[in-house]
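Trainee: Could you take one part of this model and walk me through it slowly? I would like to know how its charged and aromatic side chains are placed, and what surrounds them.

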Amino acid sequence: MESLGGYQIKNEIGQGGMAITYRAYQANMDRHVAIKIMRADLAASPEFVERFLAGVRTIARLEHPRILPVYYFGREGDTLYLVMRLIEGGTLRDLMRHGNIAREEINRFIGQIASALDYAHKQNVLHCDLKPTNLLVDHSGELYLADFGIAQLATTTTH
């Protein structure tokens, strides 16, 4: 696949249980983005597609500086995809593998994660898959909470 929608696929940048993520170029906006393409078997399931679309709409309304923004979602033929901001620095897991992280940096990351989660929870959204591979770090050392793929809407019970 060389292109999808208005995006030129460049190279694979990651894989997960539900999708493969690619670096892509969006010519009409002159920017690089990340495109997550869902597995074909999942995209063929009406139940999955319904849950996916509901989840994407939930994630798209989360506007916080530490939450990875969703730009677009679409379907082209049998391909279901999600377009997001491209963060090229890697994951928190990558940083952890490359050696010790200074205590000050750890404290700053914890504050950034807590801020993102607090905001999401106030919007009644639970991430449900918090792990180092879902925490992206850009080249400036800023952290972004990503992959709300299995997020759930929190339900509250009143008495």
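Trainee: Let me start with a single residue: at what relative accessibility does D129 sit, and does it count as buried, partly exposed or exposed?

Mentor: Happy to. D129 counts as partly exposed, because its relative accessibility is 23% and that class lies between buried (under 20% relative accessible area) and exposed (over 50%), using a 1.4 Å probe and protein chains only. Before we go on, a word on the ground rules: this is a predicted model, in which local features need pLDDT of at least 70 and side-chain atom pairs count only at pLDDT 80 or more, while totals for chains, interfaces and linings use all residues. Residues are numbered from 1 along each chain as its sequence is written, and side-chain values use heavy atoms, with hydrogens and water left out.

D129 has a charged partner. It forms a salt bridge with K131, with 3.6 Å between the closest N and O atoms; the term stands for a side-chain nitrogen of Lys or Arg within 4 Å of a carboxyl oxygen of Asp or Glu. Side chains of opposite charge can pair when their charged atoms come close. K131, at 35% relative accessibility, is partly exposed. Elsewhere, salt bridges that share partners join R66, E105, R108 and E142 into one network. The structure holds 8 salt bridges.

Within that network, let us look at E142 and R66. Their side chains meet in a salt bridge of 3.7 Å, N to O. This pair links distant parts of the chain, 76 residues apart: E142 is in the loop between β8 and β9, and R66 is in the loop between α2 and β5 (70-76). Helices (H or I, at least four residues) and strands (E, at least two) are DSSP runs, numbered from the N terminus. R66 counts as buried at 13% relative accessibility, whereas E142 is partly exposed at 25%. R66 also lies over the face of Y144, 4.8 Å from the ring centre; for this, NZ of Lys or CZ of Arg must be within 6 Å of the ring centre and within 35 degrees of the ring normal. R31 has a similar place over the face of Y71, at 3.9 Å from the ring centre.

R23 and E88 make another salt bridge, with their closest N and O atoms 3.0 Å apart. They too link distant parts of the chain, since R23 is in strand β3 (residues 19-26) and E88 is in the loop between β6 and α3 (92-97), 65 residues apart. R23 is buried at 19%, while E88 is partly exposed at 47%. Setting aside neighbours within four places in sequence, R23 is in contact with a list of residues including Q8, I9, K10, H32, V33 and L86, along with E88; contact means heavy atoms within 4.5 Å.

Now to the nonpolar side. A nonpolar core is a set of buried Ala, Val, Leu, Ile, Met, Phe, Trp, Tyr and Cys residues joined through side-chain atoms within 4.5 Å. The largest has 35 residues, and F52, L62, I67, L80 and F148 have the most contacts inside it. Among the elements that give two or more residues are α2 (46-60), β6 (79-85) and α4 (103-122). The most comes from α4, with 6 residues. L62 touches I67, Y119, A120, Q123, V125 and F148, not counting residues up to four places away in sequence. Apart from this core lies another, of 9 residues, among them Y7, I9, V33 and I37.

Aromatic pairs come next. Rings of Phe, Tyr and Trp (its six-membered ring) pair if their centres lie within 6.5 Å; planes under 30 degrees apart are stacked, over 60 edge-to-face, and the rest tilted. By this rule there are 2 aromatic pairs. F48 and F52 are stacked, because their ring centres are 6.0 Å apart and their planes are at 25°. Both lie in helix α2, 4 residues apart, about one turn of the helix. F48 is buried at 6%, and F52 is buried at 8%. Y72 and Y81 form the tilted pair, 6.1 Å centre to centre with 45° between the planes. Y72 is partly exposed at 41%, whereas Y81 is buried at 3%.

One last stop, T58, is also in helix α2. T58 is buried at 11%, and a polar atom of its side chain lies 3.0 Å from the backbone oxygen of A54.

How values were computed
Polar contact = N/O pair within 3.5 Å; in protein donor to acceptor, adjacent residues only side chain to side chain.
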